[in-house]
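Take a moment to turn the model around before reading on. We'll go from the whole chain down to one pocket.

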Amino acid sequence: MNKAEILRYLRTSSKTDDERLLSLIDDCCAEVNECVKPKTLHRIFDCEVTDDSLIIGDIVFSSKRLAGTIKGCKRVCIFGATLGTECDRLLRTYGATDVTRAMVLQACLASKIEEVCDSLEDNLKEEGMALRQRYSPGYFDLDINENKKIFEMLELTKRIGLTLTETCQMVPTKSVTAIIGIEND
């Protein structure tokens, strides 16, 4: 995990020399690496991009910003990633017993899920894909309810144990869904 990113999530200078904090980050990173079990699932779809939507078959994602991000792409990668239920258990446990550790753990988990997503993108690039920036439901004008479509398309609950609440929040909490435009055919 990226210590500078963890410090940024903690709103602390990346140049900190606070040995207690740095040691706590190291401990939390070790605990995260030991107990979380990341899972990902992705699929590549042919698509059509209009001025204000992404169309995959009969499924439409309405978002001008998403459409602008992937304009010109004829394919997209849609993925889900999760760190698993153990991360939620850790956060609940430390949230009740050690708030400082819970805060640092939260930052470490945020860094870890980003690492998992970046790794998935790196694998796609190694396969020769030129990728645009990933875009997730809940950002800008892509409504969080669009997660329902991604969950159906990928069968995320059945395949990697990721569930969606009535308000479209993901469980486990350290999870991501995203759409990435693929520039090359």
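Counting up the pieces of this predicted model, you'll find 7 helices and 8 strands in the protein chain. How compact is the protein chain? Its radius of gyration is 18 Å, close to the 16 Å that the globule rule gives for 185 residues, so the chain is as compact as a globular protein of that length. If you'd like a box to picture, the C-alpha atoms fill one of roughly 50 × 35 × 30 Å, taken along the principal axes.

Now for how the chain packs. Of its 185 residues, 45% count as buried. Look at the contacts between residues at least 6 apart in sequence, and 70% of them turn out to join residues at least 24 apart.

Next, pick out α5, which runs through residues 99–126. With 28 residues at 1.5 Å each, α5 should span 40 Å, and its end C-alpha atoms are indeed 40 Å apart, so the two agree. After α5 comes Gly128, and its phi is positive, near 95°.

That helix also leads us to the largest pocket, since α5 is one of the elements that each supply at least two residues of its lining, along with α3 (64–70) and β8 (175–182). The pocket's volume is about 650 Å³. Of the 24 residues that line it, the closest to the centre are Glu114, Ser136, Pro137, Tyr139 and Val176. And what is the lining made of: how many residues are nonpolar, polar and charged? The split is 11 nonpolar, 9 polar and 4 charged.

Notes. Residues numbered from 1 in each chain as written. Predicted model: local features only at pLDDT ≥ 70, side-chain atom pairs only at ≥ 80, totals over all residues. Heavy atoms only, no water. 1 Å grid on protein atoms, 1.4 Å probe; cavity = no way out; pocket = protein on both sides within 12 Å on 5 of 7 lines; lining within 4 Å. Points joined across faces, edges and corners; volume = space filled by probe spheres on them. Helix = DSSP H or I, 4+ residues; strand = E, 2+ residues; numbered from the N terminus. Nonpolar A, V, L, I, M, F, W, Y, C, P; charged D, E, K, R; others polar. Expected span 1.5 Å × (residues − 1). Rg over C-alpha atoms; globule rule 2.2 N^0.38 Å. Buried < 20%, exposed > 50% of the residue type's maximum accessible area, 1.4 Å probe, protein only. Contact = heavy atoms within 4.5 Å.
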